[in-house]
Amino acid sequence: MDLSNRLNDPALFKTQSYINGEWVGGDASFAVDNPANRQTLAEVSDVGEAGAKAAVTAAAEGFRVWRKTSPFERTRVLLKWLELIQEHTDDLATLITAEMGKPWREAKGEIAYGAGFVEWSAHEAARIHGETLPVPAPGARGWTIRQPVGVVSCITPWNFPAAMITRKAAPALAAGCSLVIKPAPETPLTALALAELADRAGFPKGTFNVICGDAAKLGPVMTGSPDVRMIGFTGSTEVGKLLMRQAADGIKRVALELGGNAPFIVMDDADLDAAATGVAQAKFRSGGQTCVSPNRIIVQDSVADAFIERLEAKISAVKAGDGFDTESDIGPLIHDEAVERVDALVKQAVSGGARIVVGGQPLADELGGSFYAPTLIDGGSFDLEIARSEIFGPVASVYRAKDEEQILGLANDTPYGLAAYLYTRDMGRVHRMSEGLDYGMIGVNAPMVGSASTPFGGVKESGIGREGGKWGVEEFTELKYVLLAGVNS
Ligand code: ADP
């Protein structure tokens, strides 16, 4: 597939890193493949350790300029970036679908979602302020100011190639920070297109850098350089822990959005049709490759059969196919190893006593890419690996449980704590259970929890910090206290 011919604005097709306002190549390169047909889309330059160092130096210089801009100026540049992103929605969505596989209309939804963070943060820039404080000494004055943290390294995953960047970059820029962004090697093209639009928006040189290459070489510079003051990361818990260890040496701030094992709880008083629709919406977004994807669908015994019947009807209708085909509801998984991993989880569940209701096999041969069938599994035990690890694929796995107390115990029996979903019409249950669930976000009768205005993030091994709303911007600021000794005593 020749992507440059598919874009309305071919200048968005970049294969070099963006450092200090310039496009920079490297000695090595890596291939970016389309998971729907395994064709190579581009060879992207790997800028290596030297490129990472150059980007951090540029960001340190960029920070000195950007931090002094007025909030009004930051708002203006961010709104320009927003306008350009919105204008280029179709092209950005094309890059997402090509390199990551999700259906094109869903990719457009990701651009709208991601743009929301730019819009919200642009306006939030003007609302960053301190407070005047009462202090004990007569005549003295105390106040706080909020200042940008400094250079921020952002490391992002492939499942939301645009939104995971804007969700970090926009609030950081609003606060006055500068950035070195490293996208996932699977999805650098969307990130580089966003850099091109940032260039056109007019961020000062060095404020916004995007580097591509081998994580093992770029990562240590991005976490270890004394110029970097914060690491913002979305990805696996394993890599999150590694980055946190690397950050510990310099006592750098971390904001980590890691893995999940989301329970989707359906109580006996729930609207079962709404719950089945909710599972289908949340489960098949990005082909099940999201950290908030329902991983354990826990249904109260008495309604389990009726619920599974409804879910079977929904999942049977989900069609896998190339994301550029308008009939496709889900695209491929990110690569063949992901298909093998998901298939192994399903096979193991079946040998452990679970029953496949729909799907349950790879579709790679039929469809010629990294596809897995939309799948529904019934009757698994909570000890199965599929219940304990993040599935990250289009497999809905239903479990049965007795009552509120048992369900809460099972739901919380995991090291993760990102998103949970609760379907019930009983207000007492809403309060008891949402307070009892050890999760950072709870969707009550709501299958989508994220938005630009609200706090996104997890507890336990699902992460630290929040993205979105005023909290997302606050993460990128330091609180400073100033005491002025008594002047009139
Ligand atoms: P996934 O398994 O979904 O790809 P990862 O946590 O491995 O999730 O990847 C998320 C991001 O972290 C990607 O940009 C990846 O390149 C990056 N990454 C992986 N390993 C490291 C590392 N050792 N140092 C820095 N970044 C890393």
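Which side chain meets that of Glu83 in a salt bridge? Lys80 does, at 3.4 Å from N to O; a salt bridge here is a side-chain nitrogen of Lys or Arg within 4 Å of a carboxyl oxygen of Asp or Glu. Because the two are 3 residues apart in helix α3 (residues 71–87), Glu83 and Lys80 are separated by about one helical turn. By this rule the count comes to 28 salt bridges.

Some ground rules: this is a predicted model, where local features need pLDDT of at least 70, side-chain atom pairs count only at pLDDT 80 or more, and totals for chains, interfaces and linings use all residues. Residues are numbered from 1 along each chain as its sequence is written, and side-chain values use heavy atoms, leaving out hydrogens and water.

Now for the ligand. It has 16 residues around it, counted when one of their heavy atoms lies within 4 Å. Among the closest are Trp158 and Leu242. By type, the shell splits into 10 nonpolar, 5 polar and 1 charged, with Gly counted as polar. Helix α9 (237–248) is one of the elements that supply at least two shell residues, and α9 gives the largest share, 3 residues. Helices are DSSP runs (H or I, at least four residues), numbered from the N terminus.

Here are three N or O atoms and their distances to an oxygen atom of the ligand:

| Residue | Part | Distance |
|---|---|---|
| Thr156 | backbone | 2.7 Å |
| Lys182 | side chain | 2.8 Å |
| Ser236 | side chain | 2.6 Å |

Taken alone, the ligand exposes 550 Å², and the protein buries 75% of that (Shrake-Rupley method, 1.4 Å probe).

Notes. Polar contact = N/O pair within 3.5 Å; in protein donor to acceptor, adjacent residues only side chain to side chain.
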